[in-house]
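Colleague: I'm new to this one, and I'd like to learn how to read it feature by feature. Could you walk me through it?

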Amino acid sequence: MPELPEVETTRRSFADRIQGARVLAVRLGKPLRWPLGCAPETLVGQSVGAVARRGKYLWMPVGARGGLLLHLGMSGSLAFEATPAEPGPHAHFDLVTTSGTLRLVDPRRFGAVVWSAALDADPAARLLAGLGLEPFDPAFTGAHLHAKLRGRRVAIKQALLAGDVVVGAGNIYACEALFEAGIDPRTPAGRISRPRCERLAVAVRRILGQALELGGTTLRDFRDAHGMEGRFQRHAKVYGRAGQPCPSCATPVRRTVQGQRSTFYCPHCQRR
DNA sequence: AAGTGGACCTGCTAGC
DNA sequence: TGCTAGCAGGTCCACT
């Protein structure tokens, strides 16, 4: 599910309401990807700070000594409600506060909630180390992309997903950005010219920005913390559209597999 | 160092 | 109707 637009949409939908609230209780469901890393009761009585985002992670300061690093994995979503329903079978983390309850619902449990003393302390630092630039960072340019991709033989699609050059584009938006830039997703990353890197950097930023404006993509279960669905899926030009005509040239969109993930592209508009 | 494949887990859908 | 295979928005880790 959650690529940068979904994570940022989620953040914006509850950050203001939870900031300054005091933790009343913590409820854990089934294990997530990693253990919480602290005794839940140590969070009780602490106040919540300003929620920030780095890549697809959220950082929520709790008390003066640290905070929680959250990841939504493939199927996670966060809900923030004054009076939450009884936790269902997939509600694996509740942070009950004086302002409401923040609840992680995650059927596949690839998501995580991890205590860390600080963003620059383990385990947060370990998880965030090696992340590439934020796509809206002015330093993320065609020149940066070109320099970071030099010498790399992996396909550009996989290089984008790896997140060590630029963060935030997952399977949907990597496909969409490559379509917009007119680049075949199988092109070896290091063989993309500087001008095409410029186009790709612009496309990544534009696609992620458009998705953010539309509240992200809801394929099946994504909701923001108000329960609202995203609307980008109506604007996807290639993702999930195998066999359907390319919106630019009407050639049927193709599906292929790269690194065990589906890739969608137009064989006419996207070139090596 | 960079690239590859497996692992984690559940639910849904298409096809027989 | 019921079973099975295949697929799904992520990313860490071990191995070559």
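Colleague: Let's start with one residue: leaving aside its neighbours within four places in sequence, which residues is S262 in contact with?

Modeller: Keep in mind that this is a predicted model. To read contacts, skip the sequence neighbours and see what else comes up. For S262, the partners beyond four places in sequence are K157, N171, C175, R255 and T256. One of these partners, R255, also makes a polar contact with S262, side chain to side chain, at 2.8 Å.

Colleague: Where does S262 sit in the fold, and is S262 buried or exposed?

Modeller: S262 is part of strand β10, which covers residues 261-265. For burial, look at the relative accessible area: under 20% is called buried. S262 has 18%, so it counts as buried. There's also a sequence-versus-space comparison to make: S262 and G240 are 22 residues apart in the chain, with their C-alpha atoms 8.8 Å apart.

Colleague: What about F264, which strand is that in?

Modeller: F264 is in β10 too. Its relative accessibility is 8%, so F264 is buried.

Colleague: And which residues does F264 touch, again leaving aside neighbours within four places in sequence?

Modeller: Among them are C175, V238, Y239 and G240, along with R241 and A242. V253, R254 and R255 complete the list for F264. You can set C175 and R255 beside the S262 list, where both turn up as well. As for sequence against space, F264 and D184 are 80 residues apart along the chain, yet 9.8 Å apart from C-alpha to C-alpha.

Colleague: Can we try a helix? Where is T10, and is T10 buried or exposed?

Modeller: T10 belongs to helix α1, residues 4-18. Its relative accessible area is 0%, so T10 is buried. When a polar side chain is buried, it's worth checking what its polar atoms face. Here a polar side-chain atom of T10 lies 2.8 Å from the backbone oxygen of E6. Past four places in sequence, T10 is in contact with L72 and L78, and with F222, R223, D224 and A225.

Colleague: Next, the DNA. Which residues are around DNA strand B?

Modeller: Start with the list of neighbours, then ask which part of the DNA they face. Around DNA strand B you'll find K30, H90, P107, R108, R109, F110, R152, R153, V154 and Q260. By class, that surface has five charged, three nonpolar and two polar residues. On the DNA side, 61% of the atoms of strand B within 4 Å of the protein belong to sugar or phosphate, and the rest belong to bases.

Colleague: Which individual atoms could I zoom in on, say for R108 and R153?

Modeller: R108 uses its side chain: one of its polar atoms lies 3.0 Å from a base oxygen of DNA strand B. R153 uses its backbone, with an N or O atom 2.5 Å from a phosphate oxygen of DNA strand B. You could add P107, where a polar backbone atom is 3.5 Å from a sugar or linking oxygen of DNA strand B.

Colleague: How do I read a pocket? What lines the second largest one?

Modeller: Take the volume, then the lining, then the elements that supply it. The volume of the second largest pocket is about 270 Å³. Its lining has 17 residues, and S77, L78, A79, R103 and V105 lie nearest the centre. β5 (77-81) and β7 (101-105) each provide at least two lining residues, and β5 gives the most, with four. By class, the lining has seven nonpolar, five polar and five charged residues.

Colleague: Last topic, backbone angles. What is phi of R109 near, and where is R109?

Modeller: Phi values are worth scanning for positive signs outside glycine. R109 has one, near 60°, and it sits in the loop between β7 and β8. With a relative accessible area of 30%, R109 is partly exposed. A250 also has a positive phi, near 75°, in the loop between α6 (194-213) and β9 (254-258). At 49% relative accessibility, A250 is partly exposed.

Colleague: And which residues does a cis peptide bond join?

Modeller: For that, check omega. D122 and P123 are joined by a cis peptide bond, with omega about 0°. P123 is in the loop between β8 (112-116) and α2 (124-128).

Definitions and conventions
Residues are numbered from 1 along each chain as its sequence is written. Chains are lettered from A and ligands numbered from 1 in the order in which they are written. This is a predicted model: local features need pLDDT of at least 70, side-chain atom pairs count only at pLDDT 80 or more; totals for chains, interfaces and linings use all residues. Side-chain values use heavy atoms; hydrogens and water are left out. A residue is near a molecule or strand if one of its heavy atoms lies within 4 Å of it. A polar contact is a pair of N or O atoms within 3.5 Å; within protein, one must be able to donate a hydrogen and the other to accept it, and residues adjacent in sequence count only if both atoms are side-chain atoms. Ala, Val, Leu, Ile, Met, Phe, Trp, Tyr, Cys and Pro count as nonpolar, Asp, Glu, Lys and Arg as charged, and the others, Gly among them, as polar. Buried means under 20% relative accessible area, exposed over 50%, partly exposed in between (1.4 Å probe, protein chains only). Contact means heavy atoms within 4.5 Å. On a 1 Å grid over the protein atoms alone, a cavity is a set of points where a 1.4 Å probe fits but cannot get out, and a pocket is an open set with protein on both sides within 12 Å along at least five of seven lines; lining residues have an atom within 4 Å of a point. Grid points are joined across faces, edges and corners, and a volume is the space filled by probe spheres set on the points.
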